[in-house]
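Q: Please take a close look at one part of this model, the aromatic residues that group together, and describe how they are arranged.

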Amino acid sequence: MGGDALPADLLLRGGRVLREGRWEDTALAVRDGRIVAIGDELDALAGPETVVEELDGRWVLPAFHDSHVHPIQAGLEMNQCDLTGLSTLEGYLDAIGSYAAADPGRAWVTGGGWSMDSFPGGVPSAEPLDRLLPDRPVFLPNRDHHSAWVNSRALELAGIDASTPDPADGRIERDSAGRPTGALHEGAMALVGSLVPAPTPRDLTEALLTAQRHLHSVGIVGWQDALVGAGLGMPDSLPTYLAARDSGALTAKVVLAQWWDRDRGLEQLPELISRRALAAQAGLDAASVKLMQDGVCETHTAAMLDPYLDSHGHLTDNRGLSFIPAEALATYVAALDANGFQAHIHALGDRAVRDSLDAIEHARALNGASGLRHHLAHVQVVDAADVPRFAELEVTANIQPLWACRDEAVEVLTLPFLAPAARKQQYVFGSLLRTGARIACGSDWPVSDPAPLLGMHVAVNRRSPDQPADAVPLLPEEALTVAEALAGYTTGTAYLNRLEGSTGRIETGYAADLVVVDHDILGEDTTVLGRTRVTNTYVDGREVHRR
């Protein structure tokens with residue numbers, strides 16, 4: 001036999017396959033990691049070694065890709081004191097106490113994943129940690145990794161007291177007398193975080209594999225790691241990826257965004273070029289560079305065009321933080337563009353978004369059309385005048401859909417403190433698409449749940465899966481259709497990662513990157529997205545998850 005008459009390695013039959021936006025009752029055959037046939041009569045391709053999966057009416061989708069994620073950070077937290085599944089102070093303290101008791105020899109209690117909306121004003125205090133662990137230092141970043149909860153012992157070891165000045169890129173939370181209270185924001189986290197023992201190479205490898213298993217379980221087969229290098233208290237994870245690739249343990253398709261050290265300048269460019277070449281030798285893509293331009297709205301560190309309001313609705317003089325001056329950002333992005341790097345810019349506030357778009361426009365003007373797929377991550381607030389610039393400059397909006405709802409973080413910690421114009425420009429996904437922009441979808445995990453189906457639920461309904469169907473949506477005119485949201489997790493991120501010709505679609509010749517789900521997500525009831533679960537995940541035809 002020759003050609004497609006050769007036996008398949010994998011045959012999926014008895015299910016419904018998504019093609020051209022519609023379900024088809026058909027079968028699908030895979031050989032050598034690629035889809036070789038789609039049709040009704042494929043039983044002839046079932047040889048003695050063929051794995052035949054009877055789907056019993058379940059639904060087959062192209063597998064998902066995450067455009068902005070921190071797997072090793074997430075895996076470390078899962079393997080340490082993991083607070084991500086909890087939501088109350090009592091629950092946090094029980095978990096911290098249990099973890100500390102189970103590993104009394106570990107000098108520091110580390111992990112994290114607490115939520116700001118679990119504390120009054122979004123800010124925790126050292127006091128309950130001091131009662132629980134008075135003599136053992138505690139350092140616990142929150143879910144978005146822009147703040148850390150510490151106890152007094154940790155503050156003491158770091159020499160932080162009322163006389164300690166705030167670093168230029170961060171803030172120490174204080175009481176009325178100026179004494180530190182146990183919360184550190186942005187660059188202030190490093191004052192304590194630099195003292196925490198670094199994870200070992202084995203810790204990092206175990207973290208990557210823990211995270212990979214979890215990402216596969218929610219249907220993710222590829223991602224862009226948004227921080228590869230020594231930054232924000234994380235050790236360099238490039239050796240971890242190289243080792244996992246060499247051993248065959250890395251089953252996902254990854255792009256590595258190298259960290260741009262904002263305390264340095266163009267002198268770091270040769271290092272990035274060298275590391276890109278080292279990764280390429282191992283078959284890994286490290287041609288993306290992550291620049292962090294601002295903070296987050298909840299701590300009033302996202303860079304805004306208009307000042308934040310105080311708790312009484314009065315204007316303050318705070319417009320957030322720009323970690324890189326706008327002129328320097330333009331210089332850096334132009335240099336990266338000229339050297340073939342994709343710029344991956346954290347830009348959450350509308351001023352950060354504008355400065356980042358200006359930087360890419362400068363690079364385009366200086367270097368010409370490079371074809372590089374620059375993108376802005378998070379884009380929580382985009383000024384109306386800047387929305388059409390994404391399409392004009394061929395900049396992808398790298399969005400995290402799970403955040404686009406009126407949860408407590410938005411309702412209590414964000415909207416009351418934003419200027420009126422900014423409140424109307426929250427997560428403007430629909431407007432971006434209507435002006436011709438590309439979108440790619442991600443999670444920023446461990447900041448938020450990585451499950452794409454949950455992100456799709458919010459993108460479509462503009463409500464959290466936990467909210468009732470009659471809850472007030474966040475700017476419903478900015479909702480996406482199911483097809484648009486799915487594209488953001490498939491073809492959109494595949495394009496961003498320069499993989500659009502090989503994955504993200506169910507077509508013959510494409511990689512057999514597939515997920516099987518237990519509900520029809522294309523029906524009229526869009527709330528089914530939040531209830532749908534992945535039953536099987538395949539990477540290149542290899543099953544990497546089965547529920």
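A: **The aromatic cluster**

Y92, W114, F119 and W149 form one aromatic cluster. The model is predicted. A search of the whole structure finds eight aromatic pairs. A pair of aromatic rings is described by the distance of the centres and the angle of the planes.

Take Y92 and F119 to begin with. Their ring centres are 5.9 Å apart and their planes meet at 25 degrees, so this pair is stacked, the limit for stacking being under 30 degrees. The pair links distant parts of the chain: Y92 lies in helix α2 (residues 89-102), while F119 lies in the loop between β8 (109-112) and α3 (126-132). In sequence, 27 residues separate Y92 from F119. Both Y92 and F119 are buried.

Y92 also pairs with W149. Here the ring centres are 6.4 Å apart and the planes stand at 65 degrees, so the pair is edge-to-face, for which the angle must be over 60 degrees. This pair, too, links distant parts of the chain, joining Y92 in helix α2 to W149 in strand β10 (residues 147-150). Y92 and W149 are 57 residues apart.

As for exposure, Y92 has 0% relative accessibility and therefore counts as buried, the cut-off being under 20%. W149 is likewise buried, with a relative accessible area of 0%.

Note on methods:
Residues numbered from 1 in each chain as written. Predicted model: local features only at pLDDT ≥ 70, side-chain atom pairs only at ≥ 80, totals over all residues. Heavy atoms only, no water. Phe/Tyr/Trp six-rings, centres within 6.5 Å; stacked < 30°, edge-to-face > 60°. Helix = DSSP H or I, 4+ residues; strand = E, 2+ residues; numbered from the N terminus. Buried < 20%, exposed > 50% of the residue type's maximum accessible area, 1.4 Å probe, protein only.
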